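This report walks through one protein model, moving from single residues to helices and then to the surroundings of a ligand. Please keep the sequence and the structure at hand while reading.

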Amino acid sequence: MTDDTPKPKSHGRLAVRQTLRPRELMTDTPDLAGVWTAKIITLFPEAFPGVLGESLTGKALSEGKWQLEKIHLRAFGIGKHRNVDDTPAGGGAGMVLRPDVMGEAIDFAQDGTPPNRADWPLVYLSPRGKRFDQATAQRWSKAQGVTMICGRFEGLDDRVLYHYGIEEVSLGDFVLTGGEIAAQAMIDATVRLLPEVLGNAESIEEESHSNGLLEHPQFTKPAEWRGLPIPEVLMSGHHGKIAQWRQKIAEKITKERRPDMWADYAAQNPAKSPKK
Ligand code: SAH
């Protein structure tokens, strides 16, 4: 580190300072060939793996079944203070991430990744994007990896999106202060679909959003809790009847809670369409 490299503002952790140097940007884990990889461009690399380091995704991460590469946007910042943002053209509140800085970070990230976006999506987390869903998670899980750009402040100079033809994806119709939480949610949903991560493929097939229906309710021991018994059929051991009950209640819940999903489901399963 050179003398004029700025000290991190609040917390002087060595790990954070080290990531200011591009050569050391690469991940905590070794680069494993052929392993599904999430590359994250962020001003807050210390926020990763975050919750992805826990439970199933965390175990799979430490076993090298997927990997995470953190790219610290600050490393590409301009001047003594490594500036990454500037005031919005045309005026207005807040700051906008500079295209030249982000461009350098994206070029660094994309180096060595397949040029075909189907094999390696390049994504900007954005409330203006298409809503993330299970189908997107499935699509990304079939790629070799994904590069995610986490915005901050008022967002990213639009020319970057245009220049690289970046896919904008939203976690939902609300505004977060940054893309990091959205990135973690989307990586979680994607990584658990990798065949080597969640051993039990059956549990993926049946769960909410994978077959067009919300999942049936789940119960476990004790058989009675605070006066509430588990539905009798689930205790019957009769697999056919259990499957029937689960299907029926999944349909009922979907119909009540998500008329939009139910309409699509009914259209694809004519027997379910309302009788005239
Ligand atoms: N001014 C922008 C919001 C900026 S919020 C607008 O009105 O559209 C700051 C950053 O948080 C964004 O650049 C984006 O990366 C992230 N972000 C905010 N809401 C998000 C959402 N719903 N989904 C994904 N990312 C989001």
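A residue is called buried if 20 or more other C-beta atoms lie within 10 Å of its own, exposed if 12 or fewer do, and partly exposed in between. The model discussed here is a predicted one. Met261 has 16 other C-beta atoms within 10 Å, and therefore it is partly exposed. Met261 belongs to helix H9, which covers residues 259-268, and, when residues up to four places away in sequence are left out, Met261 touches Gly212 and Thr254. Leu213 is 48 residues away from Met261 in sequence, yet the two C-alpha atoms are 7.1 Å apart in space.

**The chain as a whole**

The protein chain has 276 residues, of which 28% count as buried, and its secondary structure comes to 9 helices and 9 strands. Among the contacts between residues at least 6 apart in sequence, 73% join residues that are at least 24 apart.

**Two helices with a buried side**

An α-helix has 3.6 residues a turn, so residues three or four places apart point the same way. With this in mind, two helices can be read in turn.

In helix H2, made of residues 55-62, the buried residues are Thr57, Ala60 and Leu61. These cover an arc of only 105° around the axis, which means that they are on the same side of H2. The other side of H2 has the exposed residues Ser55, Lys59 and Ser62, while the buried residues pack against strand E2 (67-72) and helix H6 (180-191). After H2 comes Gly64, with a positive phi near 75°.

Helix H3 runs over residues 99-110, and its 12 residues, at 1.5 Å a residue, should span 16 Å; the end C-alpha atoms are 16 Å apart, which agrees. Which residues of H3 are buried? They are Val101, Met102, Ala105, Ile106 and Ala109. Seen down the axis of H3, these buried residues fall within an arc of 130°, so they line one face of the helix. Asp100 and Asp107 are exposed on the face of H3 that is turned away from the buried side. The partners against which the buried residues of H3 pack are E1, E2, strand E4 (96-97), E6 and H5. H3 is followed by Gly112, which has a positive phi near 90°.

**The nonpolar core**

In soluble globular proteins, nonpolar side chains tend to be buried together. In this model the largest nonpolar core holds 44 residues, and those that touch the most other members are Ile40, Ile41, Ala105, Val123, Leu125 and Met148. If neighbours within four places in sequence are set aside, Ile40 is in contact with Phe48, Leu68, Lys70, Ile71, Met148, Cys150 and Ala183.

**Backbone angles in the loops**

Some backbone angles deserve a separate look, and the table lists two cis peptide bonds.

| Cis peptide bond | Omega |
|---|---|
| Phe48 to Pro49 | about 5° |
| Lys221 to Pro222 | near 5° |

Pro49 is found in the loop between strand E1 (37-42) and H2, whereas Pro222 lies in the loop between helix H7 (201-206) and strand E8 (224-225).

Phe153 and Arg226 have a positive phi although they are not glycines, with a value of about 55° for Phe153 and near 50° for Arg226. Phe153 is located in the loop between strand E6 (145-149) and helix H5 (158-164); Phe153 counts as partly exposed because it has 17 C-beta neighbours inside 10 Å. Arg226 sits in the loop between E8 and strand E9 (228-229), and because Arg226 has 5 C-beta neighbours inside 10 Å, it counts as exposed.

**Around the ligand**

The ligand is surrounded by 20 residues, and Leu125, Gly151, Gly155, Gly179 and Ala182 come nearest to it. Leu125 has already appeared as one of the residues that touch the most other members of the largest nonpolar core. Which strand gives the most to the shell around the ligand? Strand E5, covering residues 122-131, does so with 4 residues. By kind, the residues of the shell divide into 9 nonpolar, 8 polar and 3 charged.

Terms used: Residues are numbered from 1 along each chain as its sequence is written. This is a predicted model: local features need pLDDT of at least 70, side-chain atom pairs count only at pLDDT 80 or more; totals for chains, interfaces and linings use all residues. A residue is near a molecule or strand if its C-beta atom, placed from the backbone, lies within 6 Å of it. Helices (H or I, at least four residues) and strands (E, at least two) are DSSP runs, numbered from the N terminus. Ala, Val, Leu, Ile, Met, Phe, Trp, Tyr, Cys and Pro count as nonpolar, Asp, Glu, Lys and Arg as charged, and the others, Gly among them, as polar. Two residues are in contact if their C-beta atoms, placed from the backbone, lie within 7 Å. The arc is that of the directions from the helix axis to the C-beta atoms. A nonpolar core is a set of buried Ala, Val, Leu, Ile, Met, Phe, Trp, Tyr and Cys residues joined through C-beta atoms within 7 Å. The expected span of a helix is 1.5 Å times one less than its number of residues.
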